[in-house]
Amino acid sequence: MNDPETLATVTTTPLSPTSTQPDQLGRFGRFGGKYVPETLMPALTELETAYQQYRHDPEFQAELNGLLKDYVGRPSPLYFAERLTAHYARPDGSGPQIYLKREDLNHTGAHKINNALAQAILAKRMGKQRIIAETGAGQHGVATATVCARFGLDCVIYMGVQDMERQSLNVFRMRLLGATVQPVAAGTGTLKDATSEAIRDWVTNVETTHYILGSVAGPHPYPMMVRDFHAVIGTETRQQCLEKWGGLPDILLACVGGGSNAMGLFHEFVGESSVRLIGVEAAGEGTETAHHAATLTKGQPGVLHGAMSYLLQDPEGQVVEAHSISAGLDYPGVGPEHSYLMETGRADYYSVTDADAVAALERLSRLEGIIPALETSHAIAYLDTLCPQLEGSPRLVLNCSGRGDKDVQTVAKYLKMREA
Amino acid sequence: MTSVSERFQTLKENNQCALIPFITAGDPDLETTAQALRVLDAAGADLIELGVPYSDPLADGPTIQAAATRALQRGVTLQKVLDMVRSLHAELTAPIILFTYYNPIYFRGVDVFMAQIAEAGVKGLVIPDLPLEESTAVLESATAHGIEVILLVAPTSPTERIDAIAQKSQGFIYLVSVTGVTGARTEIASRVQDLLPQLQKSTQKPVGVGFGVSQPEHAKQLKDWGANAVIVGSAVVKRLAEGTPAEGLAAIDTFCRSLKAALA
């Protein structure tokens, strides 16, 4: 199955890595690794072995690529945002040329389905009939519930009670798709607690269950595997840039919670030193307050949910609550490869407040007729800071990671509160 | 003061199975924890596992999670826990084993942490989210400070892993009896009956069984299957947390004695 000839034929598939990270122990520099109870160690090894086997398996590839095309709707367009570009143009007409990678047009409305679909196909091949997942904004939960429906797998989604309230539409969608949504009241009732509870379920049911982790976080091999399953975003972008202007993009911009959409876009270009990589975190009510989720900007290295990475923690090494208007960014950790990209200086990370993100959501809606997710709106908001700093007319690709239908209630409530 | 290994040596000479109760430090408060350590010591505990409350206790079920959350809400910190241990460990016969997740150790600095807990009188250490692969630096530092790090083996661990873990573990080997998190179960998984001799074939070190052990009948069962120690956590934590501190202390006194009697 892994003969050299077969391997040679798949080198152009989306799953081929462009770098050798992580190492054998799942390390990106000093970040990553496997910090989990012993019970899970054999399952992580099993998963890694299965992943290494199937990533190069032509049948797996054919099934995945076929469904990415016909079920998800890939490739997603690279759209030139003409009026947004004009908004940031200087009087002489120069300024960044802004393109949106339209992951919001995927089935289920966000990039999350790329990974959920691939992991479901993997789980099926591993003979696991029961699927669990955590969700914050509900996008990963919906994507997981969707693929479980598609493959006839049992599905349990762990979701914080606070997130269930602010993303009630997605809760309904998951139930409609046949998933059980398990409320998590522990801690702050958000993504961190839902992830812990999903891991506890996995510890308990590991022999029959596959955990579809939804970000480039968690213990090895998840950060690598989830990145690779989203790397299709970057490989398509490279191809589309070639078609549109015959070259590389100059700047890539994406929001970062755990960091899956950003890694999916960045991975293809990490080795291209001319391409600037920028991640945008959630500053919540401001990084000078206690209410933010700017892990890379304000955190320190630590261990959460199985990986060493930057982490929001108190002086005792206790994990602290994150805050963001966007449930998908409301997480005190971040994927270990982002910590590595930051420490090596390969990528830069900035943060944007709730207020700026909401303003950006309104702006994109009015200028382009695209209502972006609140998560995505953080990347859009950073254009306000970035664009005036840029010389000439660089080509900028922003990952439009999700659509904002799920957020309209939250935004309406926020705007009403601000008026009051 | 007696090390974990020394304690097991004595128990072995007397052909005894050790009783290791677990409590969460600071639930309901550190004064009660100090009293509970005295009570358990007097009621026959051979070693005592003391849990440091953590914000994200991945390996723990609802009982110990809730105890940790209550303790943190009352402002319990590692420093306060260690101050309490320092003040009373000399009164105790049972060596104290600290149970803590890895992040607070890493955050403090592994060497600093080991020096501090050794100075406070802690003898052993269990880190539930630090598997063998990540443990090298921790084991080295612990050894330098005279702390024994007890590694865990799970029902899912393959034979090669069991051998490697058994070789590195210090003091004893902690056999997790269930595929799951901590918390009382109604019966002991029958798999343990096969795992115990398998483990004891690969190591001379004592084997302690924990997770899910909640009744004197369980303790006796495990002793009969050849366990060198039984670890009882959630069932103790739950009893200590019910009613007033005085009622909780009385309840764990009775419970600890009943476990001890079952092991006699």
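## Close-up views of a predicted two-chain model

**View 1. Confidence in the predicted model.** Let's start with how far the prediction can be trusted: chain B has an average pLDDT of 96, and 100% of its residues score at least 70. The model as a whole is predicted, with an ipTM of 0.95 and a pTM of 0.94.

**View 2. The interface of chain B and chain A.** Here the two chains meet, with 36 residues of chain B and 37 residues of chain A taking part in the contact. Together they bury about 2900 Å², and carbon and sulfur atoms account for 54% of that area. On the chain B side, look for Leu58(B), Phe107(B) and Glu134(B): these lose the most area to chain A, together 24% of what that side buries.

**View 3. Polar and charged pairs across the interface.** Zooming in on the same boundary, we find 18 residue pairs in polar contact between chain B and chain A. Which elements of chain B give two or more residues to the side that touches chain A? They are helix H3 (62-73), helix H5 (102-108), strand E6 (152-153) and helix H8 (159-168) of chain B. H5(B) supplies the largest share of that side, with six residues. Five salt bridges also cross between chain B and chain A. One to pick out joins Arg108(B) to Glu316(A), with 3.3 Å between the closest N and O atoms.

**View 4. A buried salt bridge between two loops of chain A.** Glu103(A) and Arg74(A) pair through their side chains in a salt bridge, 2.7 Å from N to O. Glu103(A) sits in the loop between strand E4 (97-101) and helix H5 (112-126) of chain A, while Arg74(A) sits in the loop between helix H3 (58-72) and strand E3 (78-80) of chain A, so this pair ties together parts that are 29 residues apart in sequence. Are these two partners buried or exposed? Glu103(A) is buried, at a relative accessible area of 0%, and Arg74(A) counts as buried too, at 6%.

**View 5. Salt bridges with partly exposed partners.** In chain A, the side chains of Arg403(A) and Asp405(A) form a salt bridge with an N to O distance of 3.6 Å. Arg403(A) is partly exposed, with a relative accessibility of 33%, and Asp405(A) is likewise partly exposed, at 42%. In chain B, Lys238(B) bridges to Glu242(B), and their closest N and O atoms are 3.5 Å apart. Lys238(B) is partly exposed at 46% relative accessibility, as is Glu242(B) at 45%.

**View 6. A salt-bridge network in chain A.** Four residues come together in this view: Arg55(A), Arg227(A), Asp228(A) and Glu337(A) are linked in a network of salt bridges. For context, the count over all chains comes to 36 salt bridges.

**View 7. Helix H15 of chain A and the glycine that follows.** Helix H15 of chain A runs over residues 354-368, and at 1.5 Å a residue its 15 residues should span 21 Å; the end C-alpha atoms are 21 Å apart, so the model agrees with that expectation. Its buried residues are Asp354(A), Ala357(A), Val358(A), Ala360(A), Leu361(A), Arg363(A), Leu364(A), Leu367(A) and Glu368(A). When following such a pattern, remember that an α-helix has 3.6 residues a turn, so residues three or four places apart point the same way. Just after H15(A) comes Gly369(A), with a positive phi near 70 degrees.

Technical notes
Residues numbered from 1 in each chain as written. Chains lettered and ligands numbered in written order. Predicted model: local features only at pLDDT ≥ 70, side-chain atom pairs only at ≥ 80, totals over all residues. Heavy atoms only, no water. Helix = DSSP H or I, 4+ residues; strand = E, 2+ residues; numbered from the N terminus. Expected span 1.5 Å × (residues − 1). Buried < 20%, exposed > 50% of the residue type's maximum accessible area, 1.4 Å probe, protein only. pLDDT = per-residue confidence, 0-100. Contact = heavy atoms within 4.5 Å. Buried area = accessible area lost by both parts, 1.4 Å probe. Polar contact = N/O pair within 3.5 Å; in protein donor to acceptor, adjacent residues only side chain to side chain.
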